[in-house]
Amino acid sequence: MSRATAAVSPQALPDKDALSGSILLRAFDQSNEAMLVTDCENLIVAVNLALCRMSGYSRDELIGQNPRILSSGRASPEFYAAMWQTLGNQDFWEGEIWNKQKHGANYPRSLKISVLREADGSIGNYVANYSEIDANHEVADRLAYLAYHDPLTNLPNRLAFESQLAQSLRSCEREGYQLALMLIDLDNFKNINDTLGHHVGDQLLQNVALRLRECVRASDLVARIGGDEFVVVLPDIESPLTAARVASKIQSNLADSYRIADHILYATPSIGISLYPIDGNDPVTLLRNADTAMYHAKSAGRNNHQFYTARMNEAAGERLAMENELRQAIAAISPANSEFSLHFQPQVETVSGRALGVEALLRWNNPKFGAVSPMRFISIAEETGLIQPLGDWVIWETCRLIRMMKLQGVDGIRVAINISAQQLRHENLLLLVRGALACYDLLPEDIELEITESTAMENPEMTLSILDQLAAMGIVLAIDDFGTGYSSLAYLKHLPIKRLKLDRSFVTDIETDVNDAAICAATIALGHSLGLELVAEGVETDEQRAFLANLGCDMLQGYFFSRPMPFEDTVAYLKARLAEQ
Ligand code: C2E
Ligand code: MG
Ligand code: MG
């Protein structure tokens, strides 16, 4: 109610009986705004329906009361003193107050009070009206902020990025500037998040955001547009070289270690760069091309940057073609004719030099693509879900060949099978393994299952239950590529595993890199203290063998002993070794 309302004739208002029937009474009573009128003693003489609804009190409960009955008690005596002073001086007061409903709920309202004076100037009545606060300004500001910012890093979000990029492109067009868009993806963020938890992952992202901001000028845009995806927009660059310099700076800044909650972490970036106008002149095209370039950076070994070239689309096309070939090859698997085969690489006992086991490694020979590395096709199979049927085939085929091996007189060799994360998520892995063992009349100790460290840490509860059931069947479980994830040995202690396979990357530089040597030594010692058997992968030289033997590593695997071989060669190799012993 405004001052104009306060000018209503005093005779018309005081009590509801005097007003009954009048238009003014109906207007008062049915107004959407809650109103009340008090007498000169500030006791309520009239309330409208909206006020009853707002407060939860009936008219009868309010008449004769002090309006204090509506108060939440949040405001201080000073607040009321100032209110009365203003009313005394100006006949009007407005402000925000917290009221309390009859049943206890507090609610904020904007309150306006007008003083109605008698002809002699004395106070006749007070008229108060309560309206809803339009929007709490703080909340509105916060909502507007959140709509355009990522709450975790405080960087602009995808929405803000898209609108700012569109705006920058318009000014580039006007002024004839070039612009660079960089898409930055952290190389092993998922691994860190899965193994150390979201809390650590979040802190890492916050650190990355700070470092990214430090790498660019205030006028450049840095935004977070997805989980571990950031973009940097350099509006107005003189040449692509500027973008290359900034990308190198980002690479080296982000690659430095991060210290988070007692962990030393690394999160190198893969950066894809597209340029306006040569790679596109709208946000969608530029982002798509930067994305293609970023995937190229990933497949070029991560921790690098790549400029988009039209040729990259051919590479994406090739990947799609490979996926199709893979799908068809899997659909066509039959015992007689398959593009897939298994090779085997011996695992040798360090002390005796005896081959006690072999690892089954999948090979794909495709008419169109030739021999494709598993590093390449396994990741495609994993991304597309094809790993499920392919992995099932590997288990059946391995068991079939173990039976063949036994028939040819080679016994007591344990064959390790690689299992991917998706296979572990399915309970049918247990049925499958049980079925294949039974079908070829094998024992659980004839096989071993290898799961990578990051797989073991993914969804630990689910994994743990399946691993426990496999272990209960008597199957040896090994952690593959150990040292590449971020699991602690303390956590691994809870898994029913028997063996750790030390990743090849540590073995490679074992003699030259003191860090790698120290990691190997510590892992072997700690692994042993937890009762685990240690297997070193990628042993290529006699020096590496001797070094690892010295550290007490139990088993060795690598080109030094043998490359992975087809089945017949494996049988011949093992027979020859057995004959020597
Ligand atoms: P992995 O399980 O760690 O297997 C060891 C890899 O290291 C094999 O590569 C092997 O050929 C290679 N290697 C062994 N000794 C040496 C050495 O002395 N020097 C060097 N430079 N390399 C050595 P491969 O066969 O290319 O397989 C690569 C990866 O593909 C495997 O790594 C495994 O993760 C995956 N993979 C292979 N077969 C299967 C499978 O049947 N199922 C699943 N899920 N993954 C598989
Ligand atoms: Mg393996
Ligand atoms: Mg490995």
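In these legends, a residue is called buried when its relative accessible area is under 20%, exposed when it is over 50%, and partly exposed in between, using a 1.4 Å probe and protein chains only. The views show a predicted model, in which local features need pLDDT of at least 70, side-chain atom pairs count only at pLDDT 80 or more, and totals for chains, interfaces and linings use all residues. Residues are numbered from 1 along each chain as its sequence is written, ligands are numbered from 1 in the order in which they are written, and side-chain values use heavy atoms, with hydrogens and water left out.

**View 1. Protein donors of the magnesium ion (ligand 2).** Donors are N, O and S atoms within 2.8 Å of the metal (3.2 Å for Na, K and Ca), and sites may look incomplete because water is not among the atoms. Here they come from Glu-359 (OE), Asn-418 (OD1), Glu-450 (OE) and Asp-480 (OD), at 2.0 to 2.2 Å from the ion. Glu-359 belongs to strand β14 (residues 355–366) and Glu-450 to strand β17 (residues 447–452), so this pair ties together parts that are 91 residues apart in sequence; strands are DSSP runs (E, at least two residues), numbered from the N terminus. Glu-359 is buried at 5% relative accessibility, and Glu-450 is buried at 1%.

**View 2. Protein donors of the magnesium ion (ligand 3).** Asp-480 (OD), Asp-481 (OD) and Glu-537, listed twice through OE, lie 2.0 to 2.6 Å from this ion, and the spacing of the donors along the chain is D-D-x55-E. Asp-481 is partly exposed, at 26% relative accessibility.

**View 3. Asp-480 between the two ions coordinates both.** The magnesium ion (ligand 2) and the magnesium ion (ligand 3) are 4.0 Å apart, and Asp-480 is buried, with a relative accessible area of 6%.

Methods
Helix = DSSP H or I, 4+ residues; strand = E, 2+ residues; numbered from the N terminus.
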